Amino acid sequence: MRRKLVAGNWKMNGNLAMLAELDVIAAAAAAHPGVDVAVAVPATLIAAAASRVPTLAIGAEDVHEAESGAYTGCVSAAMVREAGARFTIVGHSERREYQNETSQDAWAKAAAARRQGLSVILCCGETGAERDAGRAERVVQAQIEKSLPEGASGDWLTIAYEPRWAIGTGRTPTLEDIAAIHAIARAKIRQLIGAAADDVRILYGGSVTGDNARAIMGVADVDGALVGGASLTAAKFVPIIEGAV
Ligand code: PGA
């Protein structure tokens, strides 16, 4: 039985003052012990967030695949772990779009994070053009095939299906379309790692709000949500946690 996971992603938003939102989010998480709650924050806020709300899983939004070295501006998995991160997102579509990251990069980053004992949320999802061309399922299958790390297991790995055209747009796929992609994602993971696939959570991400969270997380094979905009305030994020109950 997979527990629901509601994960926030602050992206390049937030400052020390905004960490007050996490106090309320942590209280909501404590009030709903059947749901796992996590928030990925900018690297600059990880240490302060992790010490402020030790009961909440604080994570990074990305890590470099190397342990250390001459990579100006980058942050390693060891660094974010030392700062207090328990997990990291890898392969987010904004990294793919603006930093030209590939599924191969996501694979390497996931492996690096795992070596440091971090849990991983590995993202996949088609563009609007790919969906319009009827290629969404094939794109997601190929991304999972290329990025699923060695030793993948539900103990530390979560997949997030995030159609790019749904991120930050207020548009979401139909529940039928979400069900279809989650089913093919599950089948692909099963093909790669066998029965252990049944323990890997698959989140939906892209314009999740308090209004649609319950319906989306009620879809078969949807094990929670990855939430951007609506994770920035407790007022918007807590109803999503409640929608997972
Ligand atoms: P959104 O972002 O909830 O603002 O659409 C989701 C994501 O990018 O993880």
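User: What makes the pair formed by an oxygen atom of the ligand and the side chain of Glu162 a polar contact?

Analyst: In this predicted model, an oxygen atom of the ligand is 2.6 Å from an N or O atom in the side chain of Glu162. A polar contact is a pair of N or O atoms within 3.5 Å, so the pair qualifies. Backbone atoms take part as well: a polar backbone atom of Ser207 lies 2.7 Å from a ligand oxygen, and for a backbone N or O atom of Gly229 the distance to an oxygen of the ligand is 2.8 Å. The protein covers 95% of the 280 Å² of accessible area that the ligand has on its own.

User: Which residues come nearest to the ligand, and how does the shell around the ligand divide by residue type?

Analyst: There are 13 residues around the ligand, and those that come nearest are Lys11, His92, Glu162, Gly168 and Ser207. By type, the shell holds 4 nonpolar, 7 polar and 2 charged residues.

User: What is notable about the phi angle of Lys11, and where is Lys11 placed?

Analyst: Phi of Lys11 is near 55 degrees, a positive value in a residue other than glycine. Most residues other than glycine have a negative phi. Lys11 sits in the loop between strand 1 (4-9) and helix 1 (20-31). Ser207 also has a positive phi, near 60 degrees, and is not a glycine; its place is in the loop between strand 7 (201-205) and helix 9.

User: Why does Ser207 count as buried or exposed?

Analyst: The relative accessibility of Ser207 is 17%, and buried means under 20%, so Ser207 counts as buried. Asn212, in the loop between strand 7 and helix 9, has a relative accessibility of 18% and therefore counts as buried by that cut-off. Ala66, in the loop between strand 3 and helix 3, has a relative accessible area of 19%, which is under 20%, so Ala66 is buried.

User: How do you know that Glu67 and Arg115 meet in a salt bridge?

Analyst: Between the side chains of Glu67 and Arg115 the distance from N to O is 3.8 Å. The cut-off for a salt bridge is 4 Å, and therefore the pair is counted as one. Glu67 lies in the loop between strand 3 (57-60) and helix 3 (77-83), while Arg115 belongs to helix 5 (residues 103-115), so the pair ties together parts that are 48 residues apart in sequence. Arg115 has a relative accessible area of 52%, and exposed means over 50%, so Arg115 is exposed. By this rule the count of salt bridges comes to 17.

User: What makes Asp177 and Arg131 a salt bridge, and which parts does the pair tie together?

Analyst: The closest N and O atoms of Asp177 and Arg131 are 3.6 Å apart, which is within 4 Å, so the pair is a salt bridge. Asp177 is in helix 8 (residues 175-193) and Arg131 in helix 6 (residues 128-132), so parts that are 46 residues apart in sequence are tied together. The relative accessible area is 32% for Asp177 and 21% for Arg131; because partly exposed covers values between 20% and 50%, that word fits Asp177 and Arg131.

User: How do you know that Asp221 forms a salt bridge with Arg186, and why is Arg186 called buried or exposed?

Analyst: The closest N and O atoms of Asp221 and Arg186 are 2.7 Å apart, and the limit is 4 Å, so the pair forms a salt bridge. The pair links distant parts of the chain, 35 residues apart, with Asp221 in the loop between helix 9 (213-217) and strand 8 (224-227) and Arg186 in helix 8. Asp221 is partly exposed, with a relative accessible area of 24%, whereas Arg186 has 2%, under the 20% cut-off, and is therefore buried. Salt bridges that share partners join Arg2, Arg186, Asp221 and Asp223 into one network.

User: How many helices and strands does the protein chain have, and how does the radius of gyration compare with the globule rule?

Analyst: The secondary structure of the protein chain comes to 10 helices and 8 strands. The radius of gyration is 16 Å, close to the 18 Å that the globule rule gives for 245 residues, so the protein chain is as compact as a globular protein of that length. Along the principal axes, the C-alpha atoms fill a box of roughly 45 × 45 × 35 Å, and 51% of the 245 residues count as buried.

Note on methods:
Residues numbered from 1 in each chain as written. Predicted model: local features only at pLDDT ≥ 70, side-chain atom pairs only at ≥ 80, totals over all residues. Heavy atoms only, no water. Near = heavy atom within 4 Å. Polar contact = N/O pair within 3.5 Å; in protein donor to acceptor, adjacent residues only side chain to side chain. Areas by Shrake-Rupley, 256 points an atom, 1.4 Å probe, with all protein chains shown as cover. Nonpolar A, V, L, I, M, F, W, Y, C, P; charged D, E, K, R; others polar. Helix = DSSP H or I, 4+ residues; strand = E, 2+ residues; numbered from the N terminus. Buried < 20%, exposed > 50% of the residue type's maximum accessible area, 1.4 Å probe, protein only. Rg over C-alpha atoms; globule rule 2.2 N^0.38 Å.
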